[in-house]
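Let's take a friendly walk through this structure, with the sequence and the 3D view side by side. Have both open as you read.

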Amino acid sequence: MFASTGRIKLIVMQPTPYCNLDCDYCYLPDRDNRQRMQRETLDAIGQRVLANPITSDPVTIVWHAGEPMTLPPDWYEAAFSRLAAAAPERKIQHSFQTNAVGVKEAWIDLWKRWDVVIGISLDGPSDLHDRHRKTRRGRGSYALTMRGIEKLQNHKFPFHIISVLTADSLRDPDCMFDFYLAHRLRNICFNVEEVEGGNQTSSLKGPEFEDAYKRFLGRFVERSRALPGPFHCREIDGVNRLIAASVETRRHNPQVRPLEIISIAVDGKMSTFSPEFLGVKAPAFNDFVFADVHADGPEAMFSHPAFQRLYGDIAAGVEACRQSCTYFDVCGGGAPSNKYFELGSCRGTETFYCRLTRQATLEGVLSAYENDVEMV
């Protein structure tokens, strides 16, 4: 049971827990902490993770779990160089999830040199964005984020948008769609407001919002199919891939496969399964810390008693989903973090998160396709 089921494909790295914004739906528990990842930790990651034969080639590093741009570009220049030197034969794809506050020439030069993938958090028009994504002084951050977006557009640097959907967002999909078009934003990802970590509530809980989410995505299908030129939406594109995929591919769920995703905290503590476990206080599972990169490679996590308890719960939850859920073939057992935060145990099955992000997503997109066929 405790043998590795795959190679490390995604590493979530926490350069700092600190964030310069104070978003009211944020799940990160330690975002006032200004600690920085040290050179010794970067070197240990290079030696024990990137140079490790269980790490895939290529491998993706996502700099997240805090606002990565609160550290300067020079810090990343040095960090990228140290990591590359540790595993010179391995292709490393760096990725930032950022609020884009403070984008300047030095950032763009860095991202171009290292071919960094950039995802920008923008929740839509200013009234929606500023309602939840505020600065530390309580002001809206829309203008700051849009300034960064405009600089990237002026430099023709590619990026995608990550919008958190709330109850307010779902009320007017056409307004959202028109906003993206007006600002030349054609690569969109949707995250739903989750009950997770430090965020203990969601405006989307309730069956009425599942129907609203289906209508929202259905409208995006209709509008995007009528456009000249490409318009990418991760949720719609994801359903398209599922339609063409094998059952094995549709069931593949990296969050329930140990080590396929690993998370490394600012101090070198390592976790696996859902990245959202990073930094969460959970005494029964050693706060989801299963190894320290300064002393061990990722394989050491398998021998930690807390890992074994968690893996046992996750495996039981996956089997329960297999036995009870008609969506198992397009899910593979759900997100352990959402089970833990919503149900109190990874042994559970259906969550409100999976009803939205799997069930309602599929039904909303496929219903829109069926409507197209009926109109022909």
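The lining of the largest cavity comprises 6 nonpolar, 1 polar and 1 charged residues. This is a predicted model, and the residues named along that lining are Val 12, Tyr 27, Leu 28, His 64, Ala 65, Pro 275, Glu 276 and Leu 278. The enclosed space amounts to about 40 Å³. How many cavities of 30 Å³ or more are there? The count comes to 1.

Now for the sheet. Its 10 strands form an open arrangement with mixed pairing, and the order runs β7-β6-β5-β4-β3-β2-β1-β8-β9-β10. At the edges sit β7 (232-233) and β10 (291-292), each of which pairs on one side only. In general, strands of a sheet pair through backbone hydrogen bonds, either parallel or antiparallel. For β1 and β2, the sense is parallel, with 5 bridges between them. If you would like a spot to look at, find Leu 10, whose bridge partner in β2 is Thr 60.

Helix α1 covers residues 39-50, and its buried residues are Thr 41, Leu 42, Ala 44, Ile 45, Gly 46, Val 49 and Leu 50. What covers these buried residues? The elements include strands β1 and β2 from the parallel pair, along with α2, β3, β8 and β9.

Here are residue ranges to help you find some of these elements:

| Element | Residues |
|---|---|
| β1 | residues 8-13 |
| β2 | residues 55-63 |
| α2 | residues 73-86 |
| β3 | residues 92-98 |
| β8 | residues 261-264 |
| β9 | residues 269-272 |

Methods. Residues are numbered from 1 along each chain as its sequence is written. This is a predicted model: local features need pLDDT of at least 70, side-chain atom pairs count only at pLDDT 80 or more; totals for chains, interfaces and linings use all residues. Side-chain values use heavy atoms; hydrogens and water are left out. Two strands pair if DSSP finds at least two bridges between them. Helices (H or I, at least four residues) and strands (E, at least two) are DSSP runs, numbered from the N terminus. On a 1 Å grid over the protein atoms alone, a cavity is a set of points where a 1.4 Å probe fits but cannot get out, and a pocket is an open set with protein on both sides within 12 Å along at least five of seven lines; lining residues have an atom within 4 Å of a point. Grid points are joined across faces, edges and corners, and a volume is the space filled by probe spheres set on the points. Ala, Val, Leu, Ile, Met, Phe, Trp, Tyr, Cys and Pro count as nonpolar, Asp, Glu, Lys and Arg as charged, and the others, Gly among them, as polar. Buried means under 20% relative accessible area, exposed over 50%, partly exposed in between (1.4 Å probe, protein chains only). Contact means heavy atoms within 4.5 Å.
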